[in-house]
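Okay, thanks everyone for coming. Let me put the structure up on the screen, and then we'll walk through the helix packing and the core.

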Amino acid sequence: MDLHLKGKLALISGSSKGIGHAIAVGLAREGARVIVNGRSQQSVDDALQELRTQVPGASAEGVAGDLSDPAQIALLVQRFPAVDVLVNNLGIFDPKPFEDIPDEDWQRFFDTNVMSGVRLARAYLPGMKAKNWGRVVFISSESGIQIPVEMIHYGVTKTAQLGLSRGLAESCAGTGVTVNAVLPGPTKSAGVHEFVDKLSGGKPFAEFEKEFFETARPSSLLKRFATTEEVANLVVYVCSEASSATNGAALRVDGGVVRAAF
């Protein structure tokens with residue numbers, strides 16, 4: 001199936017590893033020109049090398065910078081004043097009891113998980129509307145619907161992304177620009193290993209995974225962590241010409257964790 005992404009310029013924030021990197025690889029395989037972003041130049045260089053190994057001949061560039069910082073976003077936009085596809089994937093999470101989460105952590109989570117997407121969308125949506133074509137995708141989470149007690153601040157930022165994506169979609173009504181949110185469930189990304197280390201008490205990953213889906217996420221139908229590629233497959237489709245009638249949606253790739261028929 002030709003997704004008609006060849007030559008489209010796609011920016012994926014936070015794409016040096018994990019879900020973001022898998023999305024960059026998936027888009028590159030479809031012929032898109034991808035912009036990989038990570039906090040350090042070394043992480044970006046490593047990600048580009050891996051991407052080019054996975055997709056020989058890929059058209060890819062890298063931008064190092066922490067996009068929770070508006071100054072870094074300004075530099076990025078100066079270098080790339082327009083994109084066809086924007087995937088707001090940058091995000092952080094950290095299990096912590098609610099009573100132990102200081103204001104500083106709340107602010108840091110909102111700056112990273114929410115405001116980075118606000119600022120990038122504000123920079124790139126006008127150009128998309130002018131061309132009458134564009135794709136904006138927010139990588140939210142099932143945690144935005146079912147707030148996890150072990151990291152409430154994270155869940156709240158993911159809920160905010162759902163409201164943000166729907167509101168922006170409304171602002172693009174009648175155009176060729178779509179804005180959607182994709183909600184992964186528990187996914188086996190690089191960051192999840194750190195999450196597991198904090199909660200597992202030193203148990204082997206397989207043992208923790210089994211217990212996690214028995215106790216913390218018992219509603220999961222998948223009963224395992226999804227792969228980053230499984231999440232990326234949906235995101236790549238949503239970024240494509242084929243998804244033109246999908247707009248303002250919250251699309252779950254959560255392994256059935258959310259107990260809802262709609």
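So, a question to begin with: is the crossing of α1 and α8 left-handed or right-handed? Keep in mind while you look that this is a predicted model.

Right, the α1 and α8 crossing is right-handed. The two helices pack with their axes 8 Å apart, at an angle of about 50 degrees. That angle falls outside the ranges for parallel, antiparallel and perpendicular, so α1 and α8 count as oblique to each other. Who's touching whom? On the α1 side you've got Gly18, Ile19, Ala22, Ile23, Gly26 and Leu27, and they meet Thr228, Glu229, Val231, Ala232, Val235 and Val236 of α8. Sorted by class, that contact has eight nonpolar residues, three polar and one charged.

While we're at this spot, have a look at Ser189. Ser189 sits in the loop between β6, 177-184, and α6, 190-200. Its relative accessible area is 12%, and the cut-off for buried is under 20%, so Ser189 is buried. Leaving out residues up to four places away in sequence, Ser189 touches Gly18, Ile19 and Thr228. Those names should ring a bell: Gly18 and Ile19 of α1 and Thr228 of α8 are in the helix contact I just listed.

Now the other partner of α1, which is α2. Here the axes are 10 Å apart and the angle is about 40 degrees. With roughly parallel ending at under 35 degrees, α1 and α2 are therefore oblique as well. The crossing is right-handed here too. From α1, we have His21, Ala24, Val25, Ala28 and Arg29, and they meet Ala47, Glu50, Leu51 and Gln54 in α2. That contact splits into five nonpolar, two polar and two charged residues.

Just after that comes Val55, in the loop between α2 and β3, 60-64. Val55 is at 9% relative accessibility, so it counts as buried. Its contacts, beyond neighbours within four places in sequence, are Val25, Ala28 and Arg29, and those residues of α1 also meet α2. By the way, if you go looking for Cys172 from there, its C-alpha is 33 Å from that of Val55, with the two positions 117 residues apart along the chain.

Okay, the core. In general, nonpolar side chains in soluble globular proteins tend to be buried together. The largest nonpolar core here has 34 residues, and the ones touching the most other members are Ile12, Ile23, Leu27, Val34, Leu51, Val87 and Val235. At least two residues each come from β1, α1, β2, α2, β4, β5 and α8. The top contributor is α1, with seven residues.

Zoom in on Val87 for a second. Setting aside neighbours within four places in sequence, Val87 contacts Leu11, Ile12, Ser13, Ile23, Val137, Ile139, Val235 and Cys239. There is also another core, apart from the largest one, with 25 residues including Val77, Leu120, Met128 and Leu168.

Last pair, α3 and α4, residues 70-79 and 103-131. Their axes come within 10 Å and cross at roughly 30 degrees. Roughly parallel means under 35 degrees, so α3 and α4 make it into that class. This crossing is right-handed. Pro70, Ile73, Leu76 and Val77 of α3 make the contact with Ser116, Arg119, Leu120, Ala123 and Tyr124 of α4. By class, that's seven nonpolar, one polar and one charged.

Happy to take questions.

Note on methods:
Residues are numbered from 1 along each chain as its sequence is written. This is a predicted model: local features need pLDDT of at least 70, side-chain atom pairs count only at pLDDT 80 or more; totals for chains, interfaces and linings use all residues. Side-chain values use heavy atoms; hydrogens and water are left out. Helices (H or I, at least four residues) and strands (E, at least two) are DSSP runs, numbered from the N terminus. Buried means under 20% relative accessible area, exposed over 50%, partly exposed in between (1.4 Å probe, protein chains only). Contact means heavy atoms within 4.5 Å. A nonpolar core is a set of buried Ala, Val, Leu, Ile, Met, Phe, Trp, Tyr and Cys residues joined through side-chain atoms within 4.5 Å. Axes are lines fitted to C-alpha atoms, for helices over the stretch in contact, and angles run from 0 to 180 degrees between N-to-C directions. Angles under 35 degrees count as roughly parallel, over 145 as roughly antiparallel, 65 to 115 as roughly perpendicular and the rest as oblique. A crossing is left-handed if the near helix is turned anticlockwise from the far one by less than a right angle, and right-handed if clockwise. Ala, Val, Leu, Ile, Met, Phe, Trp, Tyr, Cys and Pro count as nonpolar, Asp, Glu, Lys and Arg as charged, and the others, Gly among them, as polar.
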